[in-house]
Amino acid sequence: MTDLKLLALDTEDLAVLSAHVQDAVVRTVDMGYARGDRRFALLMNRYDWTEDKPRSKGLRKRSGLHFDRVENVAYAGFDPASPEGVLNLLALTFTPAPDGVSGVVEITFAGGGTVRLTVEVLEARLADLGAAWAAAAKPAHKLD
């Protein structure tokens with residue numbers, strides 16, 4: 001069981017990060033924007049899809065994700081100040097601006113919640129923080 005450390009500098013890289021954080025559980029108090037550092041960070045309990053085995057509930061790992069060079073943060077569909085808020089992360093996407101460098105990162109959560117980050121450039125880092133435990137349940141998705 002190795003710790004994951006990934007860097008995303010373009011849309012394809014971010015798609016890889018998105019696959020690794022799908023179904024992560026995030027408490028609203030574990031995310032925030034450090035305006036002075038221009039960094040948005042969140043802690044999560046991510047489901048480790050690489051450790052997924054048949055007839056196993058899998059593993060969850062404590063992980064950190066942060067975006068640098070963030071100019072603005074907007075929240076929609078949930079109260080970011082709620083001390084009881086818990087969100088299920090679905091996807092990370094990047095929509096480039098016409099200049100092809102800056103753009104908007106969207107962090108999408110189940111139930112319609114989103115965080116939109118206006119970024120100067122796409123720069124994201126995901127790292128496991130060492131703690132791992134047996135998952136209570138394996139995430140399941142309906143097929144359309």
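The radius of gyration used here is taken over C-alpha atoms, and the rule for a globule is 2.2 Å times the number of residues to the power 0.38. Keep that in mind for the first stop. The model on your screen is predicted.

**Stop 1: the whole chain**

Begin with everything shown as a cartoon. With 144 residues, a compact globule would have a radius of gyration near 15 Å, and the protein agrees, because its own value is 15 Å. Turn the C-alpha trace along its principal axes and you will find spans of about 45 × 35 × 30 Å.

Now colour by secondary structure. The protein has one helix and ten strands, and reading along the sequence gives the pattern β-α-β-β-β-β-β-β-β-β-β. If you colour by burial instead, 38% of the 144 residues count as buried. Contacts across the sequence are worth a thought too: among those with a separation of 6 or more, 66% are between residues 24 or more positions apart.

**Stop 2: the helix**

Select residues 11–21, which make up helix H1. Look just at its start, where a side-chain oxygen of Asp10 comes to within 3.2 Å of the backbone nitrogen of Glu12. At the other end, H1 is followed by Asp23, which has a positive phi, near 75°.

Which residues of H1 are buried? Show Leu14, Leu17, Ser18, His20 and Val21 as sticks, and you have them. Then look down the axis of H1: these buried residues fall within an arc of 160°, so they line one face of the helix.

**Stop 3: the nonpolar core**

In soluble globular proteins, nonpolar side chains tend to be buried together. To see this here, select Phe40, Phe67, Ile107 and Leu117. They have the most contacts inside the largest nonpolar core, a set of 29 residues. At least two residues of this core come from each of helix H1 and strands S4 (39–47), S5, S6, S7 (86–96), S8, S9 and S10. Strand S7 gives the most, with four residues.

Centre the view on Ile107 next. What is it in contact with, leaving aside neighbours within four places in sequence? Its partners are Phe40, Leu42, Phe67, Leu89, Ala91, Leu92, Gly113, Thr114, Val115 and Leu117.

**Stop 4: Ser63 and its surroundings**

Move to Ser63, in strand S5. Is Ser63 buried or exposed? Ser63 is buried, because its relative accessible area is 0%, and buried means under 20%. Its side chain meets that of Asp128 in a polar contact of 2.6 Å. Not counting residues up to four places away in sequence, Ser63 touches Leu42, Leu43, Met44, Arg46, Leu126, Ala127, Asp128 and Leu129.

Two of the residues that Ser63 touches, Arg46 and Asp128, reappear in a network of salt bridges that also links Asp48 and Lys61. Show those four side chains together.

Before leaving, find Ala132 in strand S10. Ala132 counts as partly exposed, at 33% relative accessibility. Draw a distance between the C-alpha atoms of Ala132 and Ser63: they are separated by 9.5 Å, although 69 residues apart along the chain.

**Stop 5: salt bridges**

How many salt bridges does a search of the whole structure find? The search finds eleven. Here are some to visit.

- Select Arg69 and Glu120, whose side chains meet in a salt bridge of 2.9 Å, N to O. Arg69 is in the loop between strands S5 (59–68) and S6 (70–76), and Glu120 is in the loop between strands S9 (114–119) and S10 (124–134), so the pair ties together parts that are 51 residues apart in sequence. Arg69 is partly exposed at 34% relative accessibility, and Glu120 is also partly exposed, at 29%.
- Select Arg116 and Glu106, a salt bridge with its closest N and O atoms 2.9 Å apart. Arg116 sits in strand S9 and Glu106 in strand S8 (residues 103–109), ten residues apart. Arg116 counts as partly exposed at 34%, and so does Glu106 at 23%.
- Select Glu123 and Arg125, whose salt bridge has its closest N and O atoms 3.4 Å apart. Glu123 is buried, with a relative accessible area of 18%, whereas Arg125 is partly exposed at 37%.

How values were computed
Residues are numbered from 1 along each chain as its sequence is written. This is a predicted model: local features need pLDDT of at least 70, side-chain atom pairs count only at pLDDT 80 or more; totals for chains, interfaces and linings use all residues. Side-chain values use heavy atoms; hydrogens and water are left out. Buried means under 20% relative accessible area, exposed over 50%, partly exposed in between (1.4 Å probe, protein chains only). A nonpolar core is a set of buried Ala, Val, Leu, Ile, Met, Phe, Trp, Tyr and Cys residues joined through side-chain atoms within 4.5 Å. Contact means heavy atoms within 4.5 Å. The arc is that of the directions from the helix axis to the C-beta atoms. A polar contact is a pair of N or O atoms within 3.5 Å; within protein, one must be able to donate a hydrogen and the other to accept it, and residues adjacent in sequence count only if both atoms are side-chain atoms.
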